[in-house]
Amino acid sequence: MRPIPLTVLALALALHALPAPAQADGPAGGMADDGRPLPLWEAGLAAFGVQGPAFPGAAQRTRNGLVVPYLLYRGRVLRADRDTVGLRAARTERLELDLGFAGSFGSAASDTAARRGMPAIGTLVEFGPRLRWRIGPAFGGRLVATLPLRGVFDLSDGFGHRGLALEPALGWSTRAAGVNLGASGGLLIADRRLADTFYGVSPAFATPARPAYGARAGLVATRLSFSASRPLDRDWVVFGFARVDSVSRAANRTSPLVDTPGGPAVGLGVAWTFSRSDRPAER
């Protein structure tokens, strides 16, 4: 396991890994399924581990772990929850527009044989707008579509710009036998600059087994994700998640850095809420 800098990105990763409480969609947002209002803020600790491909299409797998404090805040404008950390610009019964950031662990060049000798993929943070559409009830749960468009920056390189990412997704969630369940399918689309970060090979790093390659903008991966969480009591929650990325139809599937059509990523964690607000969340 490689050390991860404990920055604001660590908080974003922790929040993203936390299970989402079952909430009512629509104008009564901020209410749990049992009708009780969610608190305006919650503070706690999250510990989780993640294992998965170093990047979509990589055969080598990496392991990362994190233990960090977190703060959930459900204000009218400022929001910090598992989906995003940022500002809510507009909200109607069905649509919501916010501005926030997300993040991902990086990958050292030594993590993959295909990238050996090349620069590392740094710890990346994404920032930009996201449109969220509450479609409504379906298949015993709720459907929500999201459309984030975010700039990607390398935290390990002084926030150097790495390109743009578009991640449309359709998610479904429900609660059964006390367990929160979720599933989603989506696409990861990148501009040429971001695609080159993962799949480009400059002439300086070309070898007989790794020819030079100029990455193209387009589809990076097709993603299918699942999540589950169960409260142990009012303060403790255990959660797990799994995701499968496929690059079989990706724009850069012929890159010499792609050595497998896809692979799963899995994670497991626990969260402890040690303090919460008596004031309810704002709609």
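Tutor: Definition first: buried is under 20% relative accessible area, exposed is over 50%, and partly exposed lies in between (1.4 Å probe, protein chains only). The model is predicted, so to speak: local features need pLDDT of at least 70, side-chain atom pairs need 80 or more, and totals for chains, interfaces and linings use all residues. Numbering starts from 1 along each chain as its sequence is written, and side-chain values use heavy atoms, without hydrogens or water.

Student: OK, A177 then: buried or exposed?

Tutor: A177 is in the loop between β9 (169–176) and β10 (179–190), where strands (E, at least two residues) are DSSP runs numbered from the N terminus. Its relative accessible area is 74%. Because that is over 50%, A177 counts as exposed.

Student: What is the phi of A177 near?

Tutor: Most residues other than glycine have a negative phi. A177 is not glycine, yet its phi is positive. The value for A177 is near 55 degrees.

Student: Which loop holds F159, another residue with a positive phi?

Tutor: The phi of F159 is near 60 degrees, and F159 is not a glycine either. F159 counts as partly exposed, at 48% relative accessibility. Its place is in the loop between β7 (141–154) and β8.

Student: How far apart in space are V247 and V220?

Tutor: V247 is in the loop between β12 and β13, and it counts as buried at 3% relative accessibility. Along the sequence, V247 and V220 are 27 residues apart. From C-alpha to C-alpha, the separation is 6.5 Å.

Student: How many salt bridges turn up in the whole structure?

Tutor: A salt bridge here is a side-chain nitrogen of Lys or Arg within 4 Å of a carboxyl oxygen of Asp or Glu. One of them pairs R162 with D154. The search of the whole structure gives a count of nine.

Student: In the salt bridge of E96 and R91, which residue is buried?

Tutor: The closest N and O atoms of E96 and R91 are 3.4 Å apart. R91 is partly exposed, with a relative accessible area of 25%. At 8%, the buried one is E96.

Student: And what is the relative accessible area of D154?

Tutor: D154 forms a salt bridge with R162, and the closest N and O atoms are 3.4 Å apart. R162 is buried at 18%. D154 is buried too, with a relative accessible area of 5%.

Student: R223 and E167 also pair up; how many residues apart are they?

Tutor: Their side chains meet in a salt bridge at 3.5 Å, N to O. The pair links distant parts of the chain: E167 is in the loop between β8 and β9, while R223 is in strand β11 (residues 218–231), and the two are separated by 56 residues.
R223 counts as buried at 18% relative accessibility, and the count along the chain is 56.

Student: Which residues are linked with them in a network of salt bridges?

Tutor: Start from the bridge between R223 and E167. The network takes in E167 and R223 together with R243 and D245. So the names to add, given the salt bridge cut-off of 4 Å, are R243 and D245.

Notes:
Helices (H or I, at least four residues) and strands (E, at least two) are DSSP runs, numbered from the N terminus.
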